[in-house]
Amino acid sequence: MMAAGQQPAHPAPKIGFVSLGCPKALVDSERILTQLKVEGYQVVGGYREADLVVVNTCGFIEAAQQESLQAIGEALAENGKVIVTGCLGKRAALIREHHPEVLAITGPHDYEAVMQAVHAQLPPPARNPYLDLIPESGIKLTPRHYAYLKISEGCNHHCSFCIIPKLRGRLASRPVGEVLGEAERLVRDGVRELLVVAQDTSAYGVDMGYTGSEWRGKQYRTQLTDLCSALGELGVWVRLHYVYPYPHVSEVIPLMAAGKLLAYLDIPLQHASPRILKAMRRPAAGEKALQRIHEWRRICPDLTIRSTFIVGFPGETEQDFAELLAFIREAQLDRVGCFVYSPVQGAEANRLQDWVPAELAEERRRIFMHTQAEISAARLRRFVGRELEVLVDSVTQEGAVARSFADAPEIDGVVRVQHSRPLRPGQVIRARITGSDQHDLAAVT
């Protein structure tokens, strides 16, 4: 019963949210959603039940831009009130050209501007701090047992095919103490796997002169090796993504061999021909990358390496493509993605000559992936008969879907486990590998 003079409680404003793009953008979405919940907004799953919709966009390549524009249009059609943020927000004129009715546009990782735009449309409600409990690590869009840990923003490279520095700015590293504090909170909230992400993870801290800070009574530099050493003390899986093959990356391989980090590196190599790498303005040569891969595997024989490559880059000849195929055969990479070159408005590569016909570029991609499938299948066969630790992602009546150290979520393969005892998501178990194909493993407990 309402007390005399007491005002009826107003329902919390409802926010719909669409998150597009890479894991770095996903972390941005998580931070915005956390702030929305902290301020008392209700986040809902449907367009029509929402009072307005926030769309976090991607603008890396043409296909991603079109997907973002389509998502904005869908939100406008279903709801009518839309705030746009993210990488495509840097191209506000393009958004306004297609969707002039959007309420506001902000750029990537500009959380304050997003909240200001939300406040302008829906003032924050009165909150009950005893009812609006938020996990210490914030709202997550991943399953509870794994989370992305973003250690820096932006990039200092000037790759000719990429506009990320124009979208997200120059490298801006987070202090190591701040990163480790977030990692510790995630682990306390139940995270069993930390996926370290940045535009260039290897460059972490160079913009800060590797200045250090204290964590758990010990000094650590804002630098990749020190960060990995500290994360290895948390007792959970730690997986490194977007690692450029600089010389100092060799310092973290012994940590993998010792079991402090997962024996896994995600290295965006993009090509192997020195001529094409120069045209791409990549920061590392293919020959040195191959030498380092061999060196790393001597230290940590089970090291799994994922990479991405571009075929059909302007000027790519049959000889360049042959060098790429020879490289992947020699490197024996475990997990590989391959994309046909896609022009991006504002990228310097658009001015290059001798563009590869689309049909030829697609044929090269097909040949590349066929070659790599044979390599991946051979690499996976080494696990058959072994017992591995796996992290359970989901459980059904047919069995469990899990991942080993060699499998990053959503982009790599899985381990399909037949189990004789109850399992739950987030559980780390030991399983005996009984079979393999080009992508996945089969196992029993």
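The following legends describe close-up views of a predicted model.

**Figure 1. Overall dimensions and composition of the chain.** The predicted chain contains twelve helices and 20 strands. Its C-alpha atoms occupy a box of roughly 80 × 55 × 50 Å along the principal axes. The radius of gyration is 23 Å, which agrees with the value near 22 Å for a compact globule of 445 residues. Buried residues account for 54% of the 445 residues. Among contacts with a separation of 6 or more, 73% join residues 24 or more positions apart.

**Figure 2. The second largest pocket and its lining.** This pocket has a volume of about 410 Å³. It is lined by 21 residues, of which Gly259, Leu261, Leu262, Glu389 and Phe405 are the closest to the pocket centre. Two or more lining residues come from each of the elements β12 (237–240), α8 (253–257), β16 (387–396) and β19 (428–436). Strand β16 provides the largest share, with three residues. Classified by residue type, the lining of the second largest pocket comprises twelve nonpolar, three polar and six charged residues.

**Figure 3. Helix α7 and its N-terminal cap.** Helix α7 spans residues 224–231 and is largely enclosed by the rest of the structure, because seven of its eight residues are buried. The buried residues of α7 are Leu224, Thr225, Asp226, Leu227, Cys228, Ala230 and Leu231. At the N-terminal end of α7, Gln223 acts as a cap, with a side-chain oxygen 2.8 Å from the backbone nitrogen of Thr225.

**Figure 4. Surroundings of Gln345.** Gln345 belongs to the loop between β15 (335–340) and α12 (358–381). With a relative accessibility of 52%, Gln345 counts as exposed, the cut-off for that class being over 50%. Beyond its neighbours within four places in sequence, Gln345 is in contact with Arg91, Ile163 and Asn350. Gln345 and Leu262 are 83 residues apart along the chain, and 37 Å separates their C-alpha atoms. Leu262 is also one of the residues closest to the centre of the second largest pocket.

**Figure 5. Surroundings of Ser160.** Ser160 is located in the loop between β7 (152–153) and α5 (164–168). Its relative accessibility is 3%, so Ser160 counts as buried. When residues up to four places away in sequence are not counted, Ser160 touches Ala279, Met280, Arg281, Phe313, Ala347, Glu348 and Ala349.

**Figure 6. The polar contact between Glu39 and His119.** Glu39 lies in the loop between α1 (23–38) and β2 (42–44). A relative accessibility of 15% places Glu39 among the buried residues. The side chains of Glu39 and His119 make a polar contact at 2.5 Å.

**Figure 7. Two tyrosines with positive phi.** Most residues other than glycine have a negative phi. Tyr210 has a positive phi, near 60°, and is found in the loop between β9 (193–197) and β10 (212–215). At 34% relative accessibility, Tyr210 counts as partly exposed. Tyr242 likewise has a positive phi, of about 55°, and is situated in the loop between β12 and α8. Tyr242 is buried, its relative accessible area being 18%. Both elements that flank the loop of Tyr242, β12 and α8, give two or more residues to the lining of the second largest pocket.

Notes: Residues numbered from 1 in each chain as written. Predicted model: local features only at pLDDT ≥ 70, side-chain atom pairs only at ≥ 80, totals over all residues. Heavy atoms only, no water. 1 Å grid on protein atoms, 1.4 Å probe; cavity = no way out; pocket = protein on both sides within 12 Å on 5 of 7 lines; lining within 4 Å. Points joined across faces, edges and corners; volume = space filled by probe spheres on them. Helix = DSSP H or I, 4+ residues; strand = E, 2+ residues; numbered from the N terminus. Nonpolar A, V, L, I, M, F, W, Y, C, P; charged D, E, K, R; others polar. Buried < 20%, exposed > 50% of the residue type's maximum accessible area, 1.4 Å probe, protein only. Polar contact = N/O pair within 3.5 Å; in protein donor to acceptor, adjacent residues only side chain to side chain. Rg over C-alpha atoms; globule rule 2.2 N^0.38 Å. Contact = heavy atoms within 4.5 Å.
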